[in-house]
Amino acid sequence: MHPNDQTIFALATGLLPSAIAIVRLSGSRAGEVVTALIGELPPPRLARRATIRDRVGEPIDDAVVLWFPASASATGEDVAEFHIHGGRAVLAALTAALSSFEDVRSAEPGEFTRRAFENGKLDLTEAEGLDDLIHADTEMQRRQAMRQLGGLLGDRARRWRAQIIEAAALIEAGIDFSDEGDVQGDLMAPALRTIAQLHAEISDVLAQQGRGERLRDGLVVAIAGAPNVGKSTLLNRLARREVAIVSPYAGTTRDVIEVHLDLGGYPVTLIDTAGIRDSDDPVEQEGIRRARARATDADLVLWLDDGRDEAAALANGTIWRIRTKADLAGAGASEQNARFAISAETGEGIGPLIAAVQQFSAGYFGAAEASLITRQRHRAMLQDAVVMLQCSIEPGLEPELVAEELRLAARTMGRLLGRVDVEDVLGEIFGRFCIGK
């Protein structure tokens with residue numbers, strides 16, 4: 001039997017031991033397996049308490065079993081769930097019992113969701129939204145993922161594709177009935193108006209800044225400056241734990257240290273870098289090179305200055321000059337040029353700095369969680385479609401060429417939704433899911 005036709009099972013909950021664990025079963029033999037293990041098939045979508053027994057009648061667990069017949073299930077196939085006690089031995093016994101059935105096997109990562117996709121329960125953009133929801137660390141990431149899972153982009157793309165196909169049908173009808181006098185012109189005009197409107201609408205979506213894509217990865221904030229100005233101490237203070245080694249000796253930090261934070265629902269990656277100075281040490285030189293590279297790519301650089309150095313123009317993004325060691329005598333010497341004065345040691349000024357970074361994040365992402373485009377793949381597909389739509393409305397283009405450009409545009413929208421020619425991306429997308437999802 002082909003692997004796609006086999007019945008699959010997997011643990012759908014977290015690490016064991018736990019109070020309850022859920023084992024999910026999906027496929028054509030699911031009903032037969034459930035009946036063999038508990039003696040009967042429960043009523044659809046109603047929880048049934050039952051004793052699970054193996055093939056020789058030995059009890060495995062006192063559990064709750066649910067039955068979801070096709071096609072009204074998450075995968076579109078017959079699905080069952082065993083809610084068992086979350087002990088490792090219980091799971092091992094149930095897994096052994098399930099594996100004893102012919103053509104029943106453990107699921108691969110993402111296989112449940114892939115079957116849902118292949119059975120039309122969700123399109124590729126919704127599957128990607130589910131993947132983003134699984135990996136969401138902050139509230140804004142969760143909101144964005146929920147909107148994609150709910151069809152924010154998929155619904156719009158389906159409407160665009162339907163309009164393209166409708167316009168292409170009009171033009172092809174005009175070609176087929178070109179001998180009927182003015183029929184071709186009558187059909188071409190409304191079709192081209194529709195395509196022009198679509199071109200403008202999709203172009204407007206693409207013109208939005210790529211904040212939706214960035215929200216998945218987060219804002220990058222680099223802490224930079226000369227050695228011994230308090231960079232590692234500030235990182236530890238912001239992370240609220242000992243992440244970096246703090247030492248009075250210059251050059252202690254030689255590699256880039258990253259910490260992921262949730263600031264007001266926005267994902268922020270905080271980077272501690274090596275102190276920037278002239279050095280003959282080849283290892284420290286490499287650390288400084290990496291520090292400069294990460295600071296240059298950062299969205300926001302917190303340039304720490306204890307009064308001895310001036311801010312350096314390292315970043316493509318925004319630089320905030322931060323006066324450090326504000327608790328020490330004479331600390332006010334350079335504060336007039338600093339955005340903030342802080343003491344990472346005592347915590348002075350840290351609250352306003354965190355609030356400012358949070359406000360910067362909110363302004364940077366804006367309404368990113370409502371953005372239609374959340375992945376580079378989405379943007380690339382829509383850019384291709386816009387080029388084809390633009391070609392189709394070029395003045396003087398022959399109707400046959402217009403129809404061909406529209407067919408290509410409709411196919412591109414289909415690829416966005418995952419309905420045609422996407423085998424090369426399916427493995428990459430679904431392979432990121434956890435087993436049991």
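Select helix 1, residues 30-38. Helix 1 lies across strand 1 (7-11), strand 2, strand 3, strand 4 (59-68), strand 5 and strand 6. Contact here means heavy atoms within 4.5 Å. Helix 1 runs at about 80° to strand 3. Axes are lines fitted to C-alpha atoms, for helices over the stretch in contact, with angles from 0 to 180 degrees between N-to-C directions. Helices (H or I, at least four residues) and strands (E, at least two) are DSSP runs, numbered from the N terminus.

A word on the model. It is predicted: local features need pLDDT of at least 70, side-chain atom pairs count only at pLDDT 80 or more, and totals for chains, interfaces and linings use all residues. Residues are numbered from 1 along each chain as its sequence is written, and side-chain values use heavy atoms, with hydrogens and water left out.

Add helix 2, residues 88-99. Helix 2 also lies across strands 1, 2, 3, 4, 5 and 6, and runs at about 150° to strand 5.

Now show the sheet. It is open, has six strands in the order 3-4-5-2-1-6, and its pairing is mixed. Two strands pair if DSSP finds at least two bridges between them. Strand 3 (48-53) and strand 6 (104-106) stand at the edges with a single partner strand each, so one side of each has no neighbour in the sheet. The twist averages 30° from one strand to the next.

Zoom to strand 2 (residues 18-26) and strand 5 (residues 79-86). They pair in the antiparallel sense over eight bridges. Find Ser26: opposite it, in strand 5, stands Val79.

Next, select Arg55 and Phe101. The charged end of Arg55 sits over the Phe101 ring, 4.1 Å from its centre. The criterion is NZ of Lys or CZ of Arg within 6 Å of the ring centre and within 35 degrees of the ring normal. Then pick Arg24, which lies over the face of Phe112 at 5.8 Å from the ring centre.

Move on to Tyr266 and Phe365. This aromatic pair is stacked, 5.7 Å centre to centre with 5° between the planes. Rings of Phe, Tyr and Trp (its six-membered ring) pair if their centres lie within 6.5 Å; planes under 30 degrees apart count as stacked, over 60 as edge-to-face, the rest as tilted. Tyr266 lies in strand 9 (residues 266-272) and Phe365 in helix 11 (residues 350-365), so the pair ties together parts 99 residues apart in sequence.

Last, select Trp320 and Phe360. They pair edge-to-face: 5.7 Å centre to centre, 80° between the planes.
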